[in-house]
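Could you walk me through this structure? I'm new to it and would like a plain tour of how its parts fit together.

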Amino acid sequence: MPSAPERGLAEAERVELTVDAVAPGGHCVARVDGQVVFVRHALPGERVIAEVTEVHRGFVRADAVTVLDPSPDRVEPPCPYARPGACGGCDLQHVAPHAQLAWKTAVVREQLVRLGGLTDVELDQLGVRVEALPGGLLGWRSRVRYAVDAADRAGLLKHRSHEVVPIDRCRIAHPAIQQLPVLTERWPVAEAVETIASTGGDVTVREIRDGVPTPVSGPAEVREVAAGRDWALPASAFWQVHPAAADTLCAAVLDLLDPQPGETGWDLYGGVGLFAAALAGRVGDARITLVESSRDGVEAARANLADLPQIEVVAARVETALTRRRITGPVDVVVLDPPRSGAGAQVVRDIVAAGPRAVAYVACDPAAFARDVRTFTELGWRLAALRGFDLFPMTQHVEQVGLLLPPRIAL
C-alpha cells in the first residue's frame, strides 16, 4: 500500500492528526505527512479524528468528527446543528467566548504580518485585540436569509455547499426572527426567504423568486436607530446585522479620526450615510461627500440626510468617482468602508493623492484590509491605530477599524 505522501488523502478518508494554529475562514491548520489540512470544528492543540471533505491541489479540507484530546477552550455548542455535516452558518460554537476573541485576534495579526508586511513588534505596539459587543453570543443577528430545499422547506446551508439543512430555529438569529413561522411553513415558489428585525422594532419577511424579492409580511421600509438618528431604509438596503454594530463603528471612527469643526470629509462606500451623518455632527457646516453605487443606498442616503445640506451624495462606484474626478481633493478626513474584497490599490493611491490628514478604514475582511494596509505603507503612510470588534459572534468573521496616517502626522 502506498504511503500517504505518495497517494495523498482521499475524500471521506479519516485520519488522526494534531491541530496547529487558527487560520482564516474558521479553520485550524494541521499537517499529515507534509500535506496541509484545514480542519473545521477543531481548536489549536487538539488531537482529533478528521474526515476529509474536499481535496485540492496542495491542501485538503476536513472536519473534526472525533476529539481525542480536547482543548480547555472547547465547549458544547449551544446549537445542535453546529456540527460536522450540518449547518455551516456558525464556525466557532465549539469555542469558549474568550477564546473566540483570541481566535479572531490571531487571524487579524497573522494577516497583517503575512499580507500587510507588519511585524509582530509593530502589532504589539498597536495593542491589537478584538472586543466583544454587548448582547452576548446568541440572538443578535437581525437579518437572516434562509434557503429553500426541494421539499419547499426553509433552512440554512451546509458549509461550502448548496445543500439545505432543515432546522427548528437559528440560535444566533434575533428573537423576533426566531419567533417567525418561516421554518414551519412551505415555500413552493421561493428560492430563499429573507427576514429582518430592525432596531426600530420592525419585523419584515420577503420571499425571493427568481432573484426578485416579494413582500410577505411587515413593512417594505424598516426603521433603524443609530448615531443619534432615526433611519428609514428599504428592506433591501445594507445595514449592519448586529444591533450594536452601527453605534460601535461610528464611535470608533469618530474616536480615531477626531474630526474638527470646519474639516471636510469623504465617506466612501457610504451606504445609507451612517458615517457621513456622524462626521457632519462633528464638522458643522463643512462639506461632506458620500459616494455610493447602490441605488437603494443612494436613495436612502438622500432621504435620510435631507436635513444635512452640507452632505453631497454622489451616485457612483468609488473607483469611478475618483478616477473621473467626480470628487476631488483636498480633503481633511476620509472614512473608507469597502466591501469584503477591499478598496484596492488604485483607490488607495487616489485617496493618498487627495492629501487627507487621516483615513479611518472600516474592514470586514482581515486579508483585504491587510493588502490595502500594505499599499498605504508602500506610499509612505502607516497604520497608527487598530481596533477589532466581534460583530459576528459564533462565526469566523471580524470587523476592524484602522487609523491610517501620512508621514507628517504624529499621534
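Before we start, one term: contact here means heavy atoms within 4.5 Å. Also keep in mind that this is a predicted model.

With that in hand, let's look at a pair of helices. Ala 246, Leu 249, Cys 250, Val 253, Leu 254 and Leu 257 in H5 meet a set of residues in H6, namely Leu 274, Phe 275, Ala 278, Leu 279 and Arg 282. Sorted by class, this contact of H5 with H6 has ten nonpolar residues, no polar ones and one charged. How do the two helices lie? The axes of H5 (residues 245-257) and H6 (residues 274-283) come within 10 Å and cross at roughly 45°. Angles from 65 to 115 degrees would count as roughly perpendicular and those under 35 as roughly parallel, so H5 is oblique to H6. The crossing of H5 past H6 is right-handed.

Now for a sheet. Strands of a sheet pair through backbone hydrogen bonds, either parallel or antiparallel. Here eight strands make an open sheet, and going across you meet them in the order E7-E21-E22-E20-E19-E16-E17-E18, with mixed pairing. At the edges stand E7 (130-132) and E18 (311-315); each has a single partner strand, so one side of each is left without a neighbour in the sheet. From one strand to the next, the twist averages 15°.

Zoom in on one pair in this sheet: E16 (residues 265-268) and E19 (residues 333-336) run parallel and are joined by four bridges. Gly 265 sits opposite Val 333 in E19. Helix H5 comes back here, since H5 packs on the sheet and touches E19, E20 (358-363), E21 (382-390) and E22 (399-405). The direction of H5 makes about 15° with that of E22. Helix H7 (residues 295-304) packs on the sheet as well, touching E17 (288-292) and E18, and its direction makes about 165° with that of E18.

Another helix pair is worth a stop. H9 (residues 345-354) and H10 (residues 366-378) have axes that come within 9 Å and cross at roughly 40°, and the two are therefore oblique to each other. H9 passes H10 in a right-handed crossing. On the H9 side the contact is made by Ala 345, Val 348 and Val 352, and on the H10 side by Asp 372, Thr 375 and Phe 376. Those residues divide into four nonpolar, one polar and one charged.

There is also an open sheet of six strands, ordered E1-E5-E6-E4-E3-E2 and again with mixed pairing. Its edge strands are E1 (14-18) and E2 (22-23), each pairing on one side only. Within this sheet, E5 (residues 47-56) and E6 (residues 59-69) run antiparallel and are joined by nine bridges. His 56 stands opposite Phe 59 in E6.

Last, a look at some backbone oddities. Most residues other than glycine have a negative phi, and most peptide bonds are trans. Where does the chain depart from that? Gly 329 and Pro 330 are joined by a cis peptide bond, with omega at about 0°, and Pro 330 lies in the loop between H8 (318-323) and E19. The loop between H8 and E19 also holds Arg 325, which has a positive phi of about 60° although it is not a glycine. At 61% relative accessibility, Arg 325 counts as exposed. Ala 227 has a positive phi too, near 55°, and is found in the loop between E14 (221-226) and E15 (229-234). At 30% relative accessibility, Ala 227 counts as partly exposed.

Notes:
Residues numbered from 1 in each chain as written. Predicted model: local features only at pLDDT ≥ 70, side-chain atom pairs only at ≥ 80, totals over all residues. Heavy atoms only, no water. Axes fitted to C-alpha atoms, helices over the stretch in contact; angles between N-to-C directions. Parallel < 35°, antiparallel > 145°, perpendicular 65-115°, else oblique. Left-handed = near helix turned anticlockwise from the far one by under 90°. Nonpolar A, V, L, I, M, F, W, Y, C, P; charged D, E, K, R; others polar. Pairing = 2+ DSSP bridges. Buried < 20%, exposed > 50% of the residue type's maximum accessible area, 1.4 Å probe, protein only.
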